[in-house]
Amino acid sequence: MNRNKKALLGIDTSNYRTSLSLVNEEGEILADERAWLEVEAGERGLQQSTAFFRHVNRLPELFARIPLDGVRLVGVAASQAPRPVEGSYMPVFRAGVSWGRSLAHAWGVPFFGTTHQEGHIEAGMATADRKPASERFMAIHLSGGTTELLDVRRRPGGYEILKLGGTRDLNAGQMVDRIGVAMGFSFPAGPELEAAAAGVEESSGFAVPSSVSGLECSFSGPLSALERAWQKGGVSRGEIAQATFACIANTLEKMVLNAFDSGFPKSLLMVGGVAANRWLAARLKHRLEHRAVGGSLSFADPRFSGDNAFGVARLGLKMRTLI
């Protein structure tokens, strides 16, 4: 069998999604398999032990779908921690690392460990509608597990990431999921909430205030206001959904403007599952790319904005060049 096509396998096992991605030496996708972890109806998340167990069951199913005929594996990469900072740890990533190290040993190829957040940044850089202009840029990682404003610099094999600010309590995705589940949507609630908000004007009359102080924000207060409005009645699902995304947009706009005023780069990359919301992207571009502001926003392709192993695999290729 001819096995001349060199490829590297990336693995990411985040809180709610198992992902595998096979890329060639140019960093192009040869195969990409992902699956959500099951969350029971009415629940708003998973315990780490449950998520780990479900990753262990899901990984063999996804791996069996990866076509390896004609492929010569040159390495395996996996997310081994949430962020590239000392002490960053989350048990779910051990499922991917365990699988990755075992496959690398069986194939006799190197294993490369990276982080979930660097994988998001790399996938965004590879698929963004417009690349950040310099070696240093800001990024917003916006998902169910993270709401962070970041100062990002390239480094060999990955990124140096300094957290500038973020949420003091709930993440933006948690607010989306909790109000969505409260209104009867399934978890994760982002797609159904986005569909409910479609066609509802921001000026419909119902809104909740954002909570921002400098480069930090809070979503617990806005979520309580949304839940009270839904329980009280008189406001439609669509109006609640629209108010949720408008609150997130207003929050991010204020944080980014404060960062611009503090002298941080005006080149901004948006990644994460919540950042894939098209209305949110259009709203932030309209406000922050206004000539009076001067921002330059880049958004990852929505297919690669949420959790994925594509960025992890590409980082593995970069680390391979360093050995």
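Tutor: Let us begin with a cut-off: a residue counts as buried when its relative accessible area is under 20%, as exposed when it is over 50%, and as partly exposed in between. The model in front of you is a predicted one.

Student: Why is S21 called buried?

Tutor: The relative accessibility of S21 is 0%, and since buried means under 20%, S21 counts as buried. This residue is found in strand β2, which covers residues 17-24. Leaving aside residues up to four places away in sequence, S21 touches L8, L9, G10, I29, A31, D32, A309, F310 and A313.

Student: F310 and A313 are on that list; what makes α9 largely enclosed by the rest of the structure?

Tutor: Eight of the 11 residues of α9 are buried, so this helix is largely enclosed by the rest of the structure. The buried residues are F310, G311, V312, A313, L315, G316, L317 and M319.

Student: Why are α3 and α9 called roughly perpendicular?

Tutor: The axes of α3 and of helix α9, residues 310-320, cross at roughly 90° and come within 7 Å. An angle of 65 to 115 degrees counts as roughly perpendicular, and α3 and α9 are therefore described in that way. On the α3 side the contact is made by E118, G119, E122, A123, A126 and T127, and on the α9 side by F310, G311, V312, R314, L315 and K318. Sorted by class, the contact of α3 with α9 has five nonpolar, three polar and four charged residues.

Student: How do you know how α5 is oriented to α7, roughly parallel or roughly perpendicular?

Tutor: Here the axes cross at roughly 110° and come within 7 Å. Set against the range of 65 to 115 degrees, that makes α5 roughly perpendicular to α7. The residues in contact are G190, L193, E194, A196 and A197 of α5, together with R237, G238, A241, Q242, T244 and F245 of α7. By class, this contact has five nonpolar, four polar and two charged residues.

Student: What makes R58 and E61 a salt bridge?

Tutor: The rule asks for a side-chain nitrogen of Lys or Arg within 4 Å of a carboxyl oxygen of Asp or Glu. The side chains of R58 and E61 meet at 3.2 Å, N to O, so the pair satisfies that rule. By this rule the count comes to 18 salt bridges.

Student: Why are R58 and E61 separated by about one helical turn?

Tutor: Both residues lie in helix α1, residues 48-63, and because they are three residues apart there, about one helical turn separates them. In general, an α-helix has 3.6 residues a turn, so residues three or four places apart point the same way.

Student: Which of these words fits R58, buried or exposed, and which fits E61, partly exposed or buried?

Tutor: R58 has a relative accessible area of 12%, which is under 20%, and R58 is therefore buried. E61 stands at 41%, a value between the cut-offs of 20% and 50%, so E61 is partly exposed.

Student: What makes E253 and R287 a salt bridge?

Tutor: Their side chains meet at 3.2 Å, N to O, and the cut-off is within 4 Å, so the pair counts. E253 lies in helix α7, residues 237-261, and R287 in helix α8, residues 278-288, so the salt bridge ties together parts that are 34 residues apart in sequence. E253, at 13% relative accessibility, counts as buried, whereas R287, at 35%, counts as partly exposed.

Student: Which residues do salt bridges that share partners join into one network?

Tutor: D129, R130, K285 and E289 are joined in this way.

Student: How is the protein chain divided into domains?

Tutor: The domain assignment gives domain 1 as 5-124 + 305-321 and domain 2 as 136-299. The centres of domain 1 and domain 2, taken over C-alpha atoms, are separated by 26 Å, and the contact takes 21 residues from domain 1 and 24 residues from domain 2.

Terms used: Residues are numbered from 1 along each chain as its sequence is written. This is a predicted model: local features need pLDDT of at least 70, side-chain atom pairs count only at pLDDT 80 or more; totals for chains, interfaces and linings use all residues. Side-chain values use heavy atoms; hydrogens and water are left out. Helices (H or I, at least four residues) and strands (E, at least two) are DSSP runs, numbered from the N terminus. Buried means under 20% relative accessible area, exposed over 50%, partly exposed in between (1.4 Å probe, protein chains only). Axes are lines fitted to C-alpha atoms, for helices over the stretch in contact, and angles run from 0 to 180 degrees between N-to-C directions. Angles under 35 degrees count as roughly parallel, over 145 as roughly antiparallel, 65 to 115 as roughly perpendicular and the rest as oblique. Contact means heavy atoms within 4.5 Å. Ala, Val, Leu, Ile, Met, Phe, Trp, Tyr, Cys and Pro count as nonpolar, Asp, Glu, Lys and Arg as charged, and the others, Gly among them, as polar. Domain bounds come from an automatic or database domain assignment.
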